[in-house]
Amino acid sequence: MDKLLLVEDDQDIADLISLSLKELSLQVDHCLTGELALEKLAQHDYQLVLLDVMLPGMSGLDVCRKLREDKPGQVIMMLTSRDNEIDRVLGLELGADDYMSKPFSVRELQARIRAQLRRIHLFAEQTLKIQQSQTPEQFLTLGNLQIDNLTHRTLLAGKEVDLTSTEFDLLLYLASHPEQVFSREQLLSSVWGYHHSGYEHTVNSHINRLRNKVETDATKPEIVQTVWGVGYKLSKQGVAA
């Protein structure tokens, strides 16, 4: 059974979310504060952390920052106020994989959680397949970019690039289709696994974070390029050896 940690200081909201997620046959643990959440995360493994931004004491943003230091691969979805774009931007820049704006539909929350879990399970299945087959599918090499599907390691010009799980999936998807241009909506569907409108900023923030890690100058990207009015692509020339 998949385990999810819910970090929410409003007990009524937490009860509603917990009830809706148990419909998905998830084991849901709940914490009221960020400090308690970090204690649980140090002791247990969770497939996903559902993290409210506004918490007493340690904020959700601080928890996200600390989690990215301690558990880089942890999948994190943040809950933010609909009218507070700053929190959404900061959460994504700190490494959140996704966010939901309050108030939200229970059905949409369930769909988004299912999409994240599908990504996690797909990676586990691919890893097992690679381990059992020992085929060259483990590696994707494009110029001086090498992506290891088994270990989630990324090397650029021989140097390891430290990516979150979603940044890795985004880079892998673009690198698997070099020079092909994808809109933000297409990337949301293919990488995040959902089609909901209004969340295209998730793609923008991840593209920016990815560029900060793989580009020599993120303000003049040569690898992950913008095709104005269309979307993004990975340039073969940018990763040329």
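Which charged end sits over the ring of Tyr46? That of Lys3 does, as the second view shows. The structure is a predicted model, in which local features need pLDDT of at least 70, side-chain atom pairs count only at pLDDT 80 or more, and totals for chains, interfaces and linings use all residues. Residues are numbered from 1 along each chain as its sequence is written, and side-chain values use heavy atoms, leaving out hydrogens and water.

**View 1. An open sheet of five strands with parallel pairing.** The strand order is 2-1-3-4-5. Strands (E, at least two residues) and helices (H or I, at least four) are DSSP runs, numbered from the N terminus, and two strands pair if DSSP finds at least two bridges between them. At the edges are strand 2 (27–31) and strand 5 (98–102), each pairing on one side only. On average, neighbouring strands of this sheet are turned by 20° against each other, direction ignored; the axes used are lines fitted to C-alpha atoms, and angles run from 0 to 180 degrees between N-to-C directions.

**View 2. Lys3, in strand pairing and over a ring.** Strand 1 (residues 3–7) runs parallel to strand 2, joined by five bridges. Look for Lys3 opposite Gln27 of strand 2. The charged end of Lys3 lies 5.1 Å from the centre of the Tyr46 ring. A charge sits over a ring if NZ of Lys or CZ of Arg is within 6 Å of the ring centre and within 35 degrees of the ring normal.

**View 3. The buried residues of helix 2 (residues 34–43).** They are Gly34, Ala37, Leu38 and Leu41. Down the helix axis they fall within an arc of 100°, so they line one face of helix 2; the arc is that of the directions from the axis to the C-beta atoms. Buried means under 20% relative accessible area, exposed over 50%, and partly exposed in between (1.4 Å probe, protein chains only).

**View 4. A tilted aromatic pair, Tyr173 and Phe182.** The ring centres are 5.0 Å apart, with 55° between the planes. Rings of Phe, Tyr and Trp (its six-membered ring) pair if their centres lie within 6.5 Å; planes under 30 degrees apart count as stacked, over 60 as edge-to-face and the rest as tilted. Phe182 is buried, at 4% relative accessibility.

**View 5. The cis peptide bond from Lys102 to Pro103.** Its omega is near -10°. Pro103 belongs to the loop between strand 5 and helix 5 (106–133).
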